Structure formats: C-alpha cells, structure tokens
Amino acid sequence: FWAGWCGGVAGVLCSHPLDVVRTRQATNGLSMRATVLALLREPAGLWGVFRGVWSPCLTTGLWKSVALGVYKACLPEGPQPP
C-alpha cells in the first residue's frame, strides 16, 4: 500500500511543476524561458508551481496504491513452472 502511494505522490511532485509551466505557456503564448521567468517573478516564487498539488497527490497516491495492491493480490503464490 505505502509503496504504491509513495510512487504515485513522487510522480505527481515531479510532473506537477512541468504541467503548470506547460499550461501557463499555452495560455500566455510566451516562450518556455519567458514563462519560467514570469513564474519565478511572481510573489509566490518557486513554491507557486506547487500550488494545488495536494489534491492530485491524494487521488493519484490512492489510485496507485490500489493498483499495486490488486497487482500483488493477483500474483500466483508458489513456484512457477518453466
């Protein structure tokens, strides 16, 4: 359970800032560099790219933990024939 949860949360924490930059770039029409610089100049700074990350962490963590638990439950017990 916890391994799936931690894996899901780690994936969200790594990809969420990139999603924020990509979304801001698409809506503002700026280059990637200008978008990142504009995000860093905001009052929230670097922490601003993590705003709203808790909801995806909870839902993706739960989803990944259930998926890993179901996978482990479906694995056969005992040795496998060649």
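**A walk through the helices and their contacts**

Leu-62, with a relative accessibility of 45%, counts as partly exposed, because this value lies between the 20% that bounds the buried class and the 50% beyond which a residue is called exposed. The model in which Leu-62 is seen is a predicted one, and the values that follow are computed from it. Leu-62 belongs to helix α3, and together with Phe-1, Trp-2, Val-66 and Val-70 it makes a nonpolar surface patch of about 550 Å². Which element gives the most to this patch? It is helix α3, running from residue 54 to residue 74, which supplies three residues.

Val-70, which is likewise a member of the patch, is found in helix α3 and has a relative accessible area of 47%, so that it is classed as partly exposed. The patch brings Val-70 together with Phe-1, although these two residues are 69 residues apart in sequence; in space, their C-alpha atoms are 9.8 Å apart. Elsewhere in helix α3 is Leu-58, whose relative accessible area of 52% makes it exposed, since the exposed class begins over 50%. The C-alpha atom of Leu-58 is separated by 8.8 Å from that of Gly-8, which is 50 residues away along the chain, and Gly-8 is one of the buried residues of α1.

Helix α1 itself covers residues 2–28. How far apart are its end C-alpha atoms, and does that distance agree or disagree with the span to be expected at 1.5 Å a residue? For the 27 residues of α1 the expected span is 39 Å, and because the end C-alpha atoms are 39 Å apart, the two values agree. The helix nevertheless has a kink of about 35° at Ser-15, shortly before the proline Pro-17. Beyond its end comes Gly-29, a residue with a positive phi, near 75°.

The buried residues of α1 are Gly-4, Gly-8, Val-9, Val-12, His-16, Pro-17, Val-20 and Val-21, and what covers them includes α2 and α3. His-16 may serve as an example from this list: its relative accessibility is 14%, and it therefore counts as buried, being under the 20% limit. When its neighbours within four places in sequence are left aside, the residues in contact with His-16 are Val-49, Phe-50, Arg-51, Gly-52 and Val-53.

On the side of helix α2, which spans residues 32–41, Thr-35 can be taken as a point of reference. With a relative accessible area of 1%, Thr-35 is buried, because that value is under 20%. Not counting residues up to four places away in sequence, Thr-35 touches Val-21, Arg-24, Gln-25 and Leu-30; of these, Val-21 is among the buried residues of α1.

Arg-24, a contact of Thr-35, leads on to the charged pairs. Side chains of opposite charge can pair when their charged atoms come close. A search of the whole structure finds two salt bridges. In one of them Arg-24 pairs with Glu-42, the closest N and O atoms being 2.7 Å apart. This pair links distant parts of the chain, with Arg-24 in helix α1 and Glu-42 in the loop between α2 and α3, 18 residues apart. Arg-24, at 23% relative accessibility, counts as partly exposed, and Glu-42, with a relative accessible area of 28%, is partly exposed as well.

The salt bridge between Asp-19 and Arg-22 has its closest N and O atoms 3.1 Å apart. Here the two partners lie in helix α1, three residues apart, which is about one turn of the helix. Asp-19 is partly exposed at 33% relative accessibility, whereas Arg-22 counts as exposed, because its 51% is over the 50% limit.

The loop between α2 and α3 also holds Gly-45. Is Gly-45 buried or exposed? At 12% relative accessibility it counts as buried, since the value is under 20%. Apart from neighbours within four places in sequence, the residues in contact with Gly-45 are Leu-39 and Leu-40. The C-alpha atoms of Gly-45 and Arg-24, residues that are 21 apart along the chain, are separated by 14 Å.

Methods. Residues are numbered from 1 along each chain as its sequence is written. This is a predicted model: local features need pLDDT of at least 70, side-chain atom pairs count only at pLDDT 80 or more; totals for chains, interfaces and linings use all residues. Side-chain values use heavy atoms; hydrogens and water are left out. Patches are made of residues with over 30% relative accessible area and no salt bridge: like charges are joined within 9 Å, nonpolar side chains (Val, Leu, Ile, Met, Phe, Trp, Tyr) within 5 Å. Accessible areas come from the Shrake-Rupley method with a 1.4 Å probe; for residues, only the protein chains shown count as cover. A salt bridge is a side-chain nitrogen of Lys or Arg within 4 Å of a carboxyl oxygen of Asp or Glu. Helices (H or I, at least four residues) and strands (E, at least two) are DSSP runs, numbered from the N terminus. Buried means under 20% relative accessible area, exposed over 50%, partly exposed in between (1.4 Å probe, protein chains only). Contact means heavy atoms within 4.5 Å. The expected span of a helix is 1.5 Å times one less than its number of residues. The bend at a residue is the angle between axes fitted to the seven residues ending there and the seven starting there.
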